[in-house]
Every structure is written in structure tokens, then in C-alpha cells.
Amino acid sequence: MKNFNRRLLPSALALLLSASSLPTADAVAPPGDPVQGKVVYDRYCVSCHGVEGDGRGEGAGYIFPKPRDFRQGTFKWRSTPSGALPSVADLDKTIRDGLYGTNMPTWYVLGERNRMNVISYIMTFSPRWQSEEIPAAITIPAEPPLTSESVDAGRALFEKLQCAQCHGDAGKGDGPSSHEQRNDWGDPITPADLTVGHFKGGGTPSDIYRVFMTGLNGAPMPSFADSIQPAEAWDLVHFIESLSAHAAPNPQFGVDGVPIHR
Amino acid sequence: MRCVTRPWARCWGLLLLLLFLIPTPAFSIPAFARKYQVRCTACHEAWPMLNDFGRAFRDNGYQMMMGKDGPTATPVGYWPVAFRLVPSFERDTINHQETDQGVKTLTTSNGFGVGAFDVLSAGTLAPNMSFLFVPAYEGGEWEVESAWVRFDNLGKSSWLNLKLGHHELDLPRSAHRPLNQTGAGFLVYSYHPPGSISEFDMGGNQDGVEWVGHDKGSLNRAAVSLFSVDGSPGSRSAFNTPGVYFHLIHEFLPKSRVVSEAKIGAFGADASWPTTFLTSDGDPIEGSGTTLKHSTRYGLEGHVLFGPNVTPFHALVVLAHGSDNRNLIEGATRNATWDGGFVELAWTPRLKTTPFFRYDWISNGDQSNSELASNANDQTQYTIGIRHTLNYSTRAEYALHGEYSALRARGLTADEPTVTSTSLFFGVDFAF
């Protein structure tokens, strides 16, 4: 009984806090039922993300990269500008599709209701969901044609922006500073290998574009929204795609191979 | 024990009891939990019964498909092996048992035991190539319960998965992952009319090849197995004594707060068995059988999950019809038919606790012999129990288990009494 109470206490307090505190005008409305979401979380998520949502579950010590700490409301994979909270759709995409190359599987089979409920519970871990609003997703302009000139321009930009410092000259994630990278929690983090054909944030050209323009909150990957133009970002997308032109498509859990290339 | 006259009639009660007493091997493989750092609850609605995620994981060849499935993606120290043991107390009784000393009520088991000891080795040999190897120690002997390799996602399609080896058929409710421990229930999987020489058990593992196809999340799935019937004395036919099994299932995810999930499915099996043999000194020579005759069973299943499917009240209904060719039954004048099924209710209000109930029945249709009463050997069985997990983690799980079952089988003639056998079981089920 003692253990039971100790384990439930943080969650109960979080739920109580979310239920009793007066939300500001900017509070994000939960898309589901956080009480039911806790059950979903306890069944599927707690072993990695921890009882308190701190990313220190019992399995976290054996996982690389480390599970997300939900308490700061900091999420890598978003459609919203750098530093902002993610949208519900962003969180749902991560849960539904998983993150290739990590221990986060696709939870497609949970169904939408369970996913919305667990997102609502995840929102109880950070006060940001009570005090901030979710900004609109960034605008992604139509993709220009893929040409060799665009790829060359992207390569030049890759050099100019010193992407190779982390990602390496060939994009293999083995740049000179690749071994020094840490996330906001101090955990080691490796730059993406851009040649393998798998992208955690999604494999479509728009997904890759989005990463350049939103950055990855909590990770060293910055947003370039203020330093490059949309056309330049597309050039970079085309160059990045060229690095993995011969890689195998990214299979998904229970799905036929989902091509990430055109 | 030697049965002289109407051998199947006199031994029937004890045969039933024997079936009843065989502990049910149950699969839950903590090696996967260790590999992927998930708790047992991620894959099991109530251990060892799989949930949707567990089924999708199994259908995908024990893979999460996130680039960390192959053996080289795991730490060197990882070893794909788990163990399972159920120290338990069991008391079994049977009444109206004919003995040389008269009709008796027997207590056939009344003490402590350790059940079966299963070594569960499973995982991937390479991406999209999975395996399961389960040696089990029981009754002083080792037995290979499962041994297969599976080629997954052939042609990058989830609709093309081929399994080769000693494998479990794709059943409406796995006989290897039931909630009960005593082997009670699933009569429709193994039932044969009185006197049938066929021992085909749909719930038992078979040697053969299985094709499984499924869509995203395994909401629609199909499976077909071609196999040599396990336990057969053997024949000179291709595939020895061939059998075939199919299973189709479709899952609905209604947008209702009352019903979170529903499934309908159909299954069927046709299994052959030799009826004539070459003999040596009058004894049949194994592997020399001919004149294969068939027993069939087919049916429908329906699942409904009430409430949230993370803490569901799960109702399952299976209805089946079966028949054995008259040549499988000594003295038969016609094919024997039967109807049967089971209803299973399992409620998991909290992740750790699952009370359950199952009712099985067999109702004979055409008896093979006019000597037999129309309801001869009709059977009913109910099982009620509860499992409470004391602890689970990404390493191991252990649970308390209590269960009571009662099987009633009508006599073969009007003057034979109904035989009732019961089983009371308490144990600690642990897997590491």
C-alpha cells in the first residue's frame, strides 16, 4: 500500500494540478481524457518515460537516445517555430509513427482515442501547457523542381552553414564535433546520419524542410528560419535527399515499406 | 491400463481427465521486454494474453521495425532467452470412475508441483528473419514445444510472411496463451467423437509451413497452415498425414465509449489420419499408414472489448462444428458430427488484476453408432479464475494465480453416469 501511494502520488498531484489550477487564456485544451491517458501511459510508456514523466523510467538507462523528459514541454519533432510547444498533431504523429532509430515504436495500434488521452496526460507533466498557447505551424511553400542545380546549391549551403561540423562532410553524422553533442538534459546525442535513408522526423521532403526551419528543441540542431530563405531550404532538402538516394526505404511497424524517397 | 471391451468407452473418463490435467504451456517472453525496454503490459492485455500491440509485434516477426531489431542492434550481452515456471498447488478429482475395484470417486492429484519449466528463446536472427525455440521440461522429460523460423515481410510486404517448423496454429484464442493454467477448456480444439482414432488437436503445435498476411496494425489478417498432423502414427502419403488450417479476422475500432474494439473471424481445419497399416506380428508399423480419413472443424469467432481497450472487459465467443469420418471410428455406421464452442470473459479493470471465466461445451450431433445415445459424451466445462500480477518490469513478471474448473461428460449409454472432473489450482506464475 505504501508503494502504491508513493507511485500514484506524483500522477495524482499532476492531475490535481491540471484540474484545479485556473488555466490562463493561453492554456492548451487537452484533446482527450488525462485520467484515461494515465492508464495508457502506465501500460505502454512508463517503462521509458518514467512515472513522473522525467524520461527516467526503469528502461531508460539502457536506451540510446534517451527518452524524452516531458516536464519542460520541450519536444524535437514539431511543426511549430523554434522554442514553441508542439501541436497536438505533432505529438500524435510521433506517437503514431514512432521515431526510427530509437526505442520509440509506432503506437498506431492504440487507436486515436488512446493517443489523444495519453497526449492529454503528457500535458500534465509540464506547466507550459497551462501558460502558453500553441502557435500556428510554420508555412511550407510548394517544393520547387528537383534539379542538379538545386542539389549543388544545397551542397554549397551545407558547407556554408557548417553542417559538416556535426553531420560530417559526407553526411554520415561523423563530423569533428559529433562526439561532443549533448541535449538540454546533458545526455549524449549523435547527429543524424543523413545517408541511411531514415529520418526520425519523417521522410518526406516537407518533413526534412520542417526540421531546418523549426530546429529540434532540446537538441543542438538549430532552426535556420532566420538565416536562410525558403528556396535555400529546399535546396538543402534536395541535397540531403541526394545523400541517401540509394538507401532502402524506411519500413514501418505493420506496414508495407513506406518509401521516403520519391 | 488395458481396456478390453469397448476400450474407448471404459477409458473415456480417464482420457478426459488426462487431457484436463495437462498443464497449459503459456508464452510470454520477457526477453522481448529486456530487448525493447517495455513492460509486459505493452504486449499483453493480461499476461499472457496478447493485446493489439502484442499481436502486431508478433505478426511483424517479433520486430518493432524501428531499426533496432537485428541481433547486431542489441548490446552484446543481450541474450534472447527467457524462463517460465509455475510453482503451484493442485487438487484434481473425478467421480464415477470405473476401476477394477468398482466405481470410485478419485482424487488424482492433491499436492504441490512445479508444472512445466519452459525455456523461451525467441527473437530475430537478422532483420525480417525471426525464430522461436521452446524446449519444455515436464514429467521428467524434455520436449521441443516450438521450433520455427519465419521469413518476415517478404518482398517488403506485410502480407507475405512464411513460417517453417513446429508452430502453433493461428487460433481464435491461443491455447498457448490462455489465462487459465490447468489445461482446462478449448474443447472444440481437441474434441473427437467417442471411439475416434484421430488425435488431431488444433490447439497443439504442428509441423509445417504457415503463411500469415496482415495490414497496418494487423486489423485485417489471414493465416493458412499446411502441416503434418502432430501425433500421427505416420503414413506413406505426401506430407505424411496432411492437414490444413485457415484463419481470417477483421477488427473494428468503433468510435464508441461503450465498445472500444470488436473483431469477427472464421477458422477451419481439415486433418487426415491413417486408418490402415502394414503390420509386423500383427502390430501396425509406424509410418506405413494408408487410407487417410479426415476430421474437420470450422467455426466463427467474435470479440468485443467493452470500455477502454487498455482496461477492457473482453468477451469472446467461438462457435464451431466438427465431424470425424466414420472410418476413423471402429464400428461406426456413419460420420460423427458435433457442435461446440466457448465463451470467455476477462476483465482487466487495473493493469495488474484480471478475473476471468470461460464456458466450453460440446454437443454431439450424429453419433457414429446407433448404440450411443444422442447426447452421449456431451461435455460442458466452466473455468473461473483470477490472476493478480504482483510485479512487472522490463525484466520479469510474477503473478498469483487461482483457478477452479469443472468438466462434465455424459456417459456413452443411457445407463452410464455423467462423469465430473474438477481441478483447483493455486500458483505463482513467474517469467524472467
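## A tour of chains A and B

Select T291(B), which has its place in strand β16 (residues 290–306) of chain B; helices (H or I, at least four residues) and strands (E, at least two) are DSSP runs, numbered from the N terminus. Before going on, note that this is a predicted model, in which local features need pLDDT of at least 70 and side-chain atom pairs count only at pLDDT 80 or more, while totals for chains, interfaces and linings use all residues. Residues are numbered from 1 along each chain as its sequence is written, and chains are lettered from A and ligands numbered from 1 in the order in which they are written.

**Two positive phi angles in chain B**

T291(B) has a phi near 50 degrees, a positive value in a residue other than glycine. With 13 C-beta neighbours inside 10 Å, T291(B) counts as partly exposed; a residue is buried if 20 or more other C-beta atoms, placed from the backbone, lie within 10 Å of its own, exposed if 12 or fewer, and partly exposed in between.

Move next to D281(B), in the loop between β14 (279–280) and β15 (283–284) of chain B. D281(B) is not a glycine, yet its phi is positive, at about 55 degrees, and D281(B) is exposed, with 5 other C-beta atoms within 10 Å.

**Two cis peptide bonds**

Select P48(B), found in the loop between β1 (44–46) and β2 (49–50) of chain B, and look at the bond that leads into it from W47(B), which is cis, with omega near 5 degrees. Then cross to chain A and select P65(A) in the loop between α2 and α3, where the peptide bond from F64(A) to P65(A) is cis, with omega near -5 degrees.

**The helices of chain A**

Show chain A as a whole, and its nine helices and two strands come into view, following the pattern α-α-α-α-α-α-α-α-α-β-β along the sequence. Of the 262 residues in chain A, 47% are buried.

Now select α3(A) and α4(A), which pack at an angle of about 115 degrees with their axes 10 Å apart; axes are lines fitted to C-alpha atoms, for helices over the stretch in contact, and angles run from 0 to 180 degrees between N-to-C directions. Their contact is made by V88(A), L91(A), D92(A), I95(A) and R96(A) of α3(A) and by R115(A), I119(A) and I122(A) of α4(A), where two residues are in contact if their C-beta atoms, placed from the backbone, lie within 7 Å.

Stay with I122(A): which residues does it touch, leaving aside its neighbours within four places in sequence? They are G53(A), F70(A) and L91(A).

**The cores and the meeting of the chains**

I122(A) also belongs to the largest nonpolar core, where V40(A), Y41(A), V118(A) and I122(A) touch the most other members among its 60 residues; such a core is a set of buried Ala, Val, Leu, Ile, Met, Phe, Trp, Tyr and Cys residues joined through C-beta atoms within 7 Å. The elements that give two or more residues to this core include α2 (34–49) of chain A and β6 (117–126) of chain B, and α2(A) gives the most, with seven residues. A second, separate core of 26 residues includes L169(B), A175(B), F227(B) and V229(B).

Finish where the chains meet, with 31 residues of chain B in contact with 30 residues of chain A. On the side of chain B that touches chain A, α3(B) gives the most, with four residues.
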